[in-house]
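This briefing sets out the fold, the charge pairing and the backbone geometry of a single protein chain. Please consult the sequence and the coordinates alongside the points that follow.

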Amino acid sequence: MLVPTPHRDDRGLFTRTFDTAIAAEHGIDLGPQAQDSQSRSRQGTIRGMHGRGGRGEAKLVRVAHGAVLDVLVDARPDSPTFGRVESFRLDDEDFHHLWVPPGLLHGFQALTEVADVCYRIDRPHAPGEDVAVAHDDPDLAITWPQPVTAISERDRTAGSWKSLVAQLRA
């Protein structure tokens, strides 16, 4: 996780949201094809759990407004942490950035009335490589802190962790 230092005074605050030199010090290189995206979600909305097949997709995630519970699942079959679920609170107070390496599933739930999430992604979107696992898959047992108020049809009908594991190991 990257932790910027917001400068606060009576006007509000200023913070640098990305610096390639600092990212490089932490082994993060998003390359020349980086793409920035942003989503806005209502409280209780879940987006995820998403990943990408092939060579994967790396992203740096931050919250510009509001707060989310951000969840990662290691979907790299050769990783010692394969299948591990980790959760992080990201918000517009601390401005922590979460590095999501290729091969991890990513999702979040909006914890505030509105949450704007910004993603810096290492390559353009390739819809044919998308993978998804249900947010409520019992094998992952993700604890979402709030009732689900909205979820896309794609996420509602996402496959199981067992199916993804079989696909990854095939």
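Arginine 154 is partly exposed, because its relative accessible area of 38% lies between the limits for buried and exposed residues. The model that contains this residue is predicted. Arginine 154 pairs with aspartate 130 in a salt bridge whose closest N and O atoms are 4.0 Å apart. The points below place that pair within the chain as a whole.

**Fold and overall dimensions**

- The protein chain comprises three helices and 11 strands.
- Read from the N terminus, the order of elements is β-β-α-β-β-β-β-β-β-β-β-β-α-α.
- The radius of gyration of the protein chain is 16 Å, which agrees with the value near 15 Å for a compact globule of 170 residues.
- The C-alpha trace extends over about 55 × 35 × 30 Å along its principal axes.
- Among contacts with a separation of 6 or more, 82% join residues that are 24 or more positions apart.

**Surface and burial**

- Buried residues make up 42% of the 170 residues in the protein chain.
- The exposed area of the protein chain is about 9200 Å², and carbon and sulfur atoms supply 49% of that area.

**Charges and salt bridges**

- The protein chain carries 19 positive and 25 negative charges, and the mean positions of the two sets lie 3 Å apart.
- Side chains of opposite charge can pair when their charged atoms come close.
- The structure contains 11 salt bridges.
- The bridge between aspartate 130 and arginine 154 has a closest N to O distance of 4.0 Å; aspartate 130 belongs to strand β11 (residues 130-132) and arginine 154 to helix α2 (residues 153-156), so that the pair links distant parts of the chain, 24 residues apart.
- Aspartate 130 is partly exposed, because its relative accessible area is 28%.
- Aspartate 74 and arginine 76 also form a salt bridge, with their closest N and O atoms 2.9 Å apart.
- Within this second pair, aspartate 74 counts as buried because its relative accessibility is 4%, whereas arginine 76 is partly exposed with a relative accessible area of 31%.
- Lysine 59 and glutamate 57 are joined through their side chains by a salt bridge of 3.7 Å, N to O.
- Lysine 59 and glutamate 57 are both buried.
- A network of salt bridges links Arg52, Glu57 and Lys59.

**Backbone geometry**

- Glycine 48 and methionine 49 are joined by a cis peptide bond, with omega at about 20°.
- Methionine 49 lies in strand β4 (residues 46-52).
- Phenylalanine 95, although not a glycine, has a positive phi of about 60°.
- The loop between β7 (85-91) and β8 (98-100) holds phenylalanine 95.
- Phenylalanine 95 has 9% relative accessibility and therefore counts as buried.
- Alanine 141 is likewise not a glycine and has a positive phi, of about 50°.
- Alanine 141 sits in the loop between β11 and α2.
- Alanine 141 counts as exposed because its relative accessibility is 54%.

Key: Residues numbered from 1 in each chain as written. Predicted model: local features only at pLDDT ≥ 70, side-chain atom pairs only at ≥ 80, totals over all residues. Heavy atoms only, no water. Helix = DSSP H or I, 4+ residues; strand = E, 2+ residues; numbered from the N terminus. Rg over C-alpha atoms; globule rule 2.2 N^0.38 Å. Buried < 20%, exposed > 50% of the residue type's maximum accessible area, 1.4 Å probe, protein only. Contact = heavy atoms within 4.5 Å. Areas by Shrake-Rupley, 256 points an atom, 1.4 Å probe, with all protein chains shown as cover. Lys, Arg positive; Asp, Glu negative; His and termini not counted. Charge placed at Lys NZ, Arg CZ, Asp CG, Glu CD.
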